[in-house]
Amino acid sequence: MNKRAIWSILSMIVLFSMLLGGCAVPAAAPAAPAADAAAAPAEAAPAEAAIQIPAPVDGMFNVAFVYVGPVGDAGWTYAHDEGRRYLEENLEGVHTAYLESVPEGADAERVIRNLARAGFNAVFTTSFGYMDPTATVAAEFPDIDFVHVSGFLKGPNFSNLFGGMESMKYLVGMIAGAKAQELGATQVGYIAPFATAEVVRHINAAAMGMRSVCPECTLDIRWTFSWFDPNLERESAASLIDAGAVVVITGADTPGPVQVAGEKGVFGVGYDSRNACSIDPEACLTVPYWNWGPEYVRLVQEMMDGTFVGSDIYFDVDSGSLGLLGFVEDQTPQPGVPASIVPQVQELLAKMESGEFTRFDVFSGPINDNKGNLFVPEGEQLTQSDLEGLKGIEGREDCTFCMSWLAEGVSPDAELPSGN
């Protein structure tokens, strides 16, 4: 049995204990190899005293990762930890450690600062709410390199890192719309964590992709206001299905919604990690996933070479760091994917992989909002500032079409939560 198969089996054990039992993942999750025991993972909701800062290793380039969820979530954090392990395996002289389930806010700032004080050469922080704490600590430690995933701030020793997942979400929408049509239905559901620009553009891309193949389809939304909450994600999926959704797309961290879809005889789409479909392959249509490893290797190599400079990093599909299960790498669509949509997805994906079709093409006018109003005129495209919703951010060009709107295809009754 090869290593990948072993990891899949271990992931399944963790998933079923977490999702069927409704309990937290153990601190020593099987997703992390035994060699990482020195990293002393945090508890699910640690106080400062409960978070043990790992020690760097003499003679190595030491890189620390800060995670918002447990490494066994089979989603966002699991994908980042795959990238961390890839980094260690593919770059000589590098030692990594991680802290999991670190709350956003004041706890995160203390953890990041303590990692810098401990002597780590670089710190990667991997949740939107870590942005301001990372910026603060980066300014205090100019000789240490920092990378924040999903934000927009930067400094001389501080980069932001993200990618055009909206391109993959558009393809997901196409698959979901085609499946709804095949089932003689019109309702698709979406589970959304927070109304950040990232989440909203993913919702909009999925709705637009859905409408491109199923003009009569509607995307319903449930907000969880949490990046990682297995029980609430399952409850949200059940609510969407009870309201008529025949496909549930999750933008949250666990594959629980896919499992619920299977239990209720409909279909789900996972997120973040290619392993998310393993919870129920028959019910899972696909997973748009992140491949962080090559990005981490590239950035850490720059740090080791002394050429790293803080910058805005936003990769697209042609980077190879974004995937779609069944269409990238393995190229064997999941059993539930309608055969009629496969060539269309493959054709558009090929254009994305060649750079011919980008995230900006996804958001090309004309685009109406979910109230039927023309929002993006024909001949115009969203800019990067539009995609990131950066209006008023110092040093950035104001955005014209900031992500404070929902696209046509999203239920006309849907509104963004206040504060977006």
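In this predicted model, strand β3 (residues 122–125) pairs with strand β4 (residues 145–149) in the parallel sense, over four bridges. Within this pair, A122 stands opposite D145 of β4. Both strands belong to an open sheet of six strands with the order β2-β1-β3-β4-β5-β12 and parallel pairing. Its edge strands are β2 (94–99) and β12 (312–315), each of which pairs on one side only. Neighbouring strands of this sheet are turned against each other by 20° on average, direction ignored.

At the β2 edge, strand β1 (residues 61–66) is joined to β2 by six bridges, and the two run parallel. The bridge partner of N62 in β2 is H95. Although β2 is an edge strand, six of its six residues are buried. V94, T96 and Y98 point one way from β2, while H95, A97 and L99 point the other way; all are buried.

A second sheet is also open and parallel, with five strands in the order β7-β6-β8-β9-β10. Here the edges are β7 (218–223) and β10 (284–286), each pairing on one side only. The twist from one strand to the next averages 25°. The β10 edge is held to strand β9 (residues 267–269) by two bridges in the parallel sense, and G268 stands opposite C284 in β10.

The following table lists strand pairs from both sheets.

| Strand pair | Sense | Bridges | Residues opposite |
|---|---|---|---|
| β1 and β2 | parallel | six | N62 and H95 |
| β3 and β4 | parallel | four | A122 and D145 |
| β9 and β10 | parallel | two | G268 and C284 |

Two helices lie across strands of the five-stranded sheet. Helix α5 (residues 165–182) lies across β6 (187–192), β8 (247–250), β9 and β10, and runs at about 165° to β8. An angle over 145 degrees counts as roughly antiparallel, so α5 is roughly antiparallel to β8. Helix α8 (residues 256–263) lies across β6, β8, β9 and β10 as well, running at about 170° to β9.

How much of α8 is buried? Six of its eight residues are, so α8 is largely enclosed by the rest of the structure. The buried residues are G256, P257, V258, Q259, V260 and A261. After α8 comes G265, which has a positive phi near 80°.

Elsewhere, two helices pack against each other. Helix α3 (residues 106–118) and helix α4 (residues 131–140) pack at an angle of about 30°, with their axes 9 Å apart. The two helices are therefore roughly parallel to each other, and their crossing is right-handed. On the α3 side the contact is made by A108, E109, I112, R113 and A116, and on the α4 side by P133, T134, T136, V137 and E140.

The largest nonpolar core has 121 residues, and those with the most contacts inside it are F124, I203, W292 and F363. Not counting residues up to four places away in sequence, I203 touches Y190, A192, L219, I221, W223, L406 and V410. Another core, of 11 residues, lies apart from the largest one; I191, L240, A245 and A261 are among its members. A261 is also one of the buried residues of α8.

Next to I203 in the numbering is H202, which is found in helix α6 (residues 197–213). Is H202 buried or exposed? Its relative accessibility is 2%, and H202 therefore counts as buried. Leaving aside neighbours within four places in sequence, H202 is in contact with M165, E166, K169, Y190 and Y271. Y190 appears among the contacts of I203 too.

A further buried residue is Y78, with a relative accessible area of 3%. Y78 is found in helix α2 (residues 76–90). Which residue lies 194 positions from Y78 along the chain with its C-alpha atom 8.2 Å away? That residue is D272.

Conventions: Residues are numbered from 1 along each chain as its sequence is written. This is a predicted model: local features need pLDDT of at least 70, side-chain atom pairs count only at pLDDT 80 or more; totals for chains, interfaces and linings use all residues. Side-chain values use heavy atoms; hydrogens and water are left out. Buried means under 20% relative accessible area, exposed over 50%, partly exposed in between (1.4 Å probe, protein chains only). Two strands pair if DSSP finds at least two bridges between them. Axes are lines fitted to C-alpha atoms, for helices over the stretch in contact, and angles run from 0 to 180 degrees between N-to-C directions. Contact means heavy atoms within 4.5 Å. A nonpolar core is a set of buried Ala, Val, Leu, Ile, Met, Phe, Trp, Tyr and Cys residues joined through side-chain atoms within 4.5 Å. Angles under 35 degrees count as roughly parallel, over 145 as roughly antiparallel, 65 to 115 as roughly perpendicular and the rest as oblique. A crossing is left-handed if the near helix is turned anticlockwise from the far one by less than a right angle, and right-handed if clockwise.
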